[in-house]
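Trainee: I have a model open and would like to go through it with you. Could we take it region by region?
Mentor: Happily; ask away.

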Amino acid sequence: MITALPDFVNDSIEVSSNALGSRVLAVSDDFFADAWQLLQPHDPVNLKGQFGPKGALFDGWENARHCPTFNWVIIRLGSPAGASLLGFDIDTRPFDGNEGPAGSVEALFLPELPDEDVPSASDTRWVSVLPRKPLGPASRHFFRLDRLHGPFTHLKLCMYPDGGFGRFRAYGVISPPLLRSITTPIDLAHVLNGGRCVAVSDQHFGVGKNLILPGRGKDMGDGWETKRSRGGDHTDWAILKLGAPCHLLHAEIDTAHFKGNFPESCTLDACVCQETVPSNARWTSVLGRVKLGPHRQHQFQLEPAARQTAWTHVRCTIFPDGGIKRLRLYGLPSREDGREPDFLGAITGTSQVASSLQAVAPVDAHTPSEPLIVALTLTAETFAPYGSVIQSYADHAAAPRGLRIVLANGGTAEKFNNLAPVHYGRPRSGEQAELNSCVYRCQPEMFTKQEPWTVKVLERHQYSSQSFVPISLPANGRYLVIVAQDKGGKPDLTSLRAFLAGGSQGISYAANVWHHPMIALDTVTDFTCLVYETGIASIDCEILEFPDGLATVVMP
Ligand SMILES: NC(=O)N[C@@H](O)C(=O)O
């Protein structure tokens, strides 16, 4: 359950949290209890009755007695470009009788200061953002400023004269990275890139702003989770404001720790809006409805429309309800001239446009004509429109819904049933086919971020599924799978996707799915293959060549 907090707290980010990388750089005195504990995301733990060599143990900052002046802590905020401040919480819990009786906050903006450098406590550039305030024992003290102040990169928390604070929380808005620093697609929804969750339909079990936190969290409690809906065509949604207007390329929807309550599916829409919370914006679909699975990172190539505009907000709609841990939205800010950035160049580092982002001045750059697709992580759900994924699941709760898992071999093995149908749909001409169980030994394609790879051939087996399972790769090995659905006998380019498969994953193309001949990466790779063949080439395998290149595939 979410406890009631002042509006300014709910409407902003705890920019001083060590969960966002904020850290204590220096402290005047923390004789009894270490100052770094001030920035922990959880509430102070009461250690009453526990003692160490220096005295009673406290989960907070506590300095020695009899300070003639005041104590201070210097903090570097985790966001590289700093943050603007809206308020504070100086939490004296659980200190009672030894709480710090008064506090104040000063701030500095030094984004270029190297991480290892510490501004002096007596630096004349410190500015007061919260004057000295009286504080009581064992309680939270919220102070809302008159407006956003900043940006700042460093804070100095002062205590008059001595005692203990359990936590110090600074609330505000994180500054987006300097545009000239963005040269490859980044996640501008991320809280450290200035992203914010500005509205949700419901956040009964987990707040929407968890969606944009760093990392994958520790349990189901640090994601966005709505209450159970009852009947009807219910949906829930969350709206993220991007750190800067951004052309979008691909997204990651992570359902980590949500194993029985992940959404069945979701969509993504985007809009351009000057308001913080869009009121009557025109939303454009950037990801059609896609199925989700338990406890995994789903990566999706976004619709072409996602690249063509510098979007300010993205709305994630989940069907019907449930929990998502993180939502990542990768893209590039618009160029100075507002045109679509050159993603290919930005990713391969060969672009004029990428360098223009550094120079913050547009230059004409070759914009790739062929579409760009990013090689995304392979999961059963994201590959479902093209076929099946053949793999085991150590965590059965993270296996695709409905997968039948049984013990076998006298209890010494787990059997994951019916992962991929082996299918032959006889052509009208009636040819019989035989199942060919064979091995492909594939030479590796030399493929690097700097030398993107162009798709020049696709094939399909119109009447037979075809499976490939690597038998010579280590678990951390990888290979590349490129697929497209069929549309009227030709590859449907809008469905063209690239997947990066792992060494413990096999795939099976459904009949009639277009795909590139298997692509080994890094090393010669053997794949066992099952496919039905009549021996008539025109029935068994249709090949289309695209000498000018159908699309460019890049690694994320
Ligand atoms: N930590 C601790 O022991 N503090 C008290 O003894 C005190 O306030 O001096």
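Trainee: Over which residues does pLDDT stay under 50?
Mentor: This is a predicted model, so confidence is a good place to begin. Where pLDDT is low, the predicted coordinates should not be read in detail. The stretch in question still has 21 contacts beyond four places in sequence in the model. The residues where pLDDT stays under 50 are 358–369.

Trainee: What is the mean pLDDT of the chain?
Mentor: Beyond that stretch, let's take the overall scores. The model has an ipTM of 0.82 and a pTM of 0.84. Of the residues in the chain, 96% reach a pLDDT of 70 or more. The mean over the chain is 92.

Trainee: How many helices and strands does the chain have?
Mentor: Start with the overall frame: the C-alpha trace spans about 95 × 65 × 50 Å along its principal axes. The chain has 556 residues, and 43% of them count as buried. Among contacts between residues at least 6 apart in sequence, 80% join residues at least 24 apart. As for secondary structure, the chain comes to six helices and 42 strands.

Trainee: What separates the centres of domain 2 and domain 3?
Mentor: The chain is divided into domain 1 (7–174), domain 2 (186–334) and domain 3 (374–554). Domains 2 and 3 touch, with 14 residues of domain 2 in contact with 13 residues of domain 3. Taken over C-alpha atoms, the separation of their centres is 29 Å.

Trainee: Which element gives the most to the side of domain 2 that touches domain 3?
Mentor: Two elements give two or more residues to that side of domain 2: strand S17 (236–254) and strand S20 (297–301). The residues of this side divide into four nonpolar, seven polar and three charged. The element that gives the most, with five residues, is S20.

Trainee: How many bridges join S17 to S23?
Mentor: S23 covers residues 326–333, and seven of its eight residues are buried. Strand S14 (residues 186–187) pairs with S23 in the antiparallel sense over two bridges, and Asp-187 has Tyr-330 as its bridge partner in S23. S17 and S23 also run antiparallel, and Ala-251 stands opposite Leu-329 in S23. The number of bridges joining S17 to S23 is eight.

Trainee: Which are the edge strands of the open sheet S1-S13-S7-S10?
Mentor: Four strands form this open sheet, and their pairing is antiparallel. An edge strand pairs on one side only. In the order S1-S13-S7-S10, the edge strands are S1 (13–14) and S10 (140–152).

Trainee: In S13, what is the bridge partner of Asp-89?
Mentor: Strand S7 takes in residues 83–91, and strand S13 residues 167–174. The two pair in the antiparallel sense over eight bridges. Within S13, the partner of Asp-89 is Arg-169.

Trainee: How do the residues of the shell around the ligand divide into nonpolar, polar and charged?
Mentor: The residues around the ligand are Phe-32, Gly-55, Ala-56, Phe-58, Glu-62, Arg-65 and Asn-98. Gly counts as polar here, while Phe and Ala count as nonpolar, and Glu and Arg as charged. The shell therefore divides into three nonpolar, two polar and two charged.

Notes. Residues are numbered from 1 along each chain as its sequence is written. This is a predicted model: local features need pLDDT of at least 70, side-chain atom pairs count only at pLDDT 80 or more; totals for chains, interfaces and linings use all residues. A residue is near a molecule or strand if its C-beta atom, placed from the backbone, lies within 6 Å of it. Domain bounds come from an automatic or database domain assignment. Two residues are in contact if their C-beta atoms, placed from the backbone, lie within 7 Å. pLDDT is the predictor's confidence in each residue, from 0 to 100. A residue is buried if 20 or more other C-beta atoms lie within 10 Å of its own, exposed if 12 or fewer, and partly exposed in between; C-beta atoms are placed from the backbone. Two strands pair if DSSP finds at least two bridges between them.
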